[in-house]
Amino acid sequence: NDFDNSGSNFRVYPNPVFGNVVNIISKNNDVFEVNIFNLSGKLIISNKEVNGQINISNLKSGVYLINIKSYYGNTNKKLIVK
């Protein structure tokens, strides 16, 4: 099982990210929306109807918050970009 034990329906990998793409996989194969914020709360990336990959080539190295919205509710995860 590649999903963490927090009860989350989503897996975010690789994390930390060393390239231009982060993969977000749904345990239930549902469609979801991803919003990525910087630590001060500014929306950096908004992507609706995600099916797995988010292009993060515009993100500088640092720590971000990913908010994943789906039919099952909201999930927040920390994303580290190297």
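**View 1. N20 and the residues it touches in this predicted model.** Setting aside neighbours within four places in sequence, N20 is in contact with I54, N55, I56 and S57. Where along the chain should you look for N20? Find the loop between β1 (10-13) and β2 (21-26), and N20 is there. In sequence, N20 and I54 are 34 residues apart, yet in space their C-alpha atoms are 8.4 Å apart. Is N20 buried, partly exposed or exposed? Its relative accessibility is 48%, and exposed would need over 50%, so N20 counts as partly exposed.

**View 2. The open sheet of three strands.** Trace the strands across this sheet and you meet them in the order β1-β2-β5, with antiparallel pairing. At the edges are β1 and β5 (53-55), each pairing on one side only. From one strand to the next, the twist averages 20°. Now look at β2 and β5: how many bridges join them? There are three, and the two strands run antiparallel. One pair to pick out is V22, which stands opposite I54 in β5. You have already met I54, as one of the residues in contact with N20.

**View 3. The open sheet of four strands.** Here the order is β4-β3-β6-β7, again with antiparallel pairing. Which strands stand at the edges? They are β4 and β7 (73-81). Each of these has a single partner strand, so one side of each is left without a neighbour in the sheet. On average, neighbouring strands of this sheet are turned by 20° against each other, direction ignored. While you follow a strand, keep a general rule in mind: in a regular strand the side chains alternate between the two faces of the sheet.

**View 4. The hairpin of β3 and β4.** Strand β3 covers residues 32-38 and strand β4 covers residues 43-50. The two pair in the antiparallel sense, over five bridges. Which residue of β4 is the bridge partner of F37? It is L43. Four residues lie between the two strands of the hairpin. In that turn, look for G41, which has a positive phi of about 95°.

**View 5. β6 beside β7.** Strand β6 takes in residues 62-70 and pairs with β7 in the antiparallel sense. How many bridges hold this pairing in the count? The number is nine. To find your place, start from S70, which stands opposite G73 in β7.

**View 6. Stepping back to the whole protein.** After the close-ups, the full picture is easy to list: zero helices and seven strands. Read along the sequence, the pattern is β-β-β-β-β-β-β. The radius of gyration is 12 Å, close to the 12 Å that the globule rule gives for 82 residues, so the protein is as compact as a globular protein of that length. Its C-alpha trace spans about 30 × 25 × 20 Å along the principal axes. Of the 82 residues, 37% are buried. The protein exposes about 5200 Å², and carbon and sulfur atoms supply 44% of that area. Finally, take the contacts between residues at least 6 apart in sequence: 44% of them join residues at least 24 apart. The contact between N20 and I54 from the opening view links residues 34 apart in sequence.

Technical notes
Residues are numbered from 1 along each chain as its sequence is written. This is a predicted model: local features need pLDDT of at least 70, side-chain atom pairs count only at pLDDT 80 or more; totals for chains, interfaces and linings use all residues. Side-chain values use heavy atoms; hydrogens and water are left out. Two strands pair if DSSP finds at least two bridges between them. Buried means under 20% relative accessible area, exposed over 50%, partly exposed in between (1.4 Å probe, protein chains only). Contact means heavy atoms within 4.5 Å. Axes are lines fitted to C-alpha atoms, for helices over the stretch in contact, and angles run from 0 to 180 degrees between N-to-C directions. The radius of gyration is taken over C-alpha atoms; the globule rule is 2.2 Å times the number of residues to the power 0.38. Accessible areas come from the Shrake-Rupley method with a 1.4 Å probe; for residues, only the protein chains shown count as cover.
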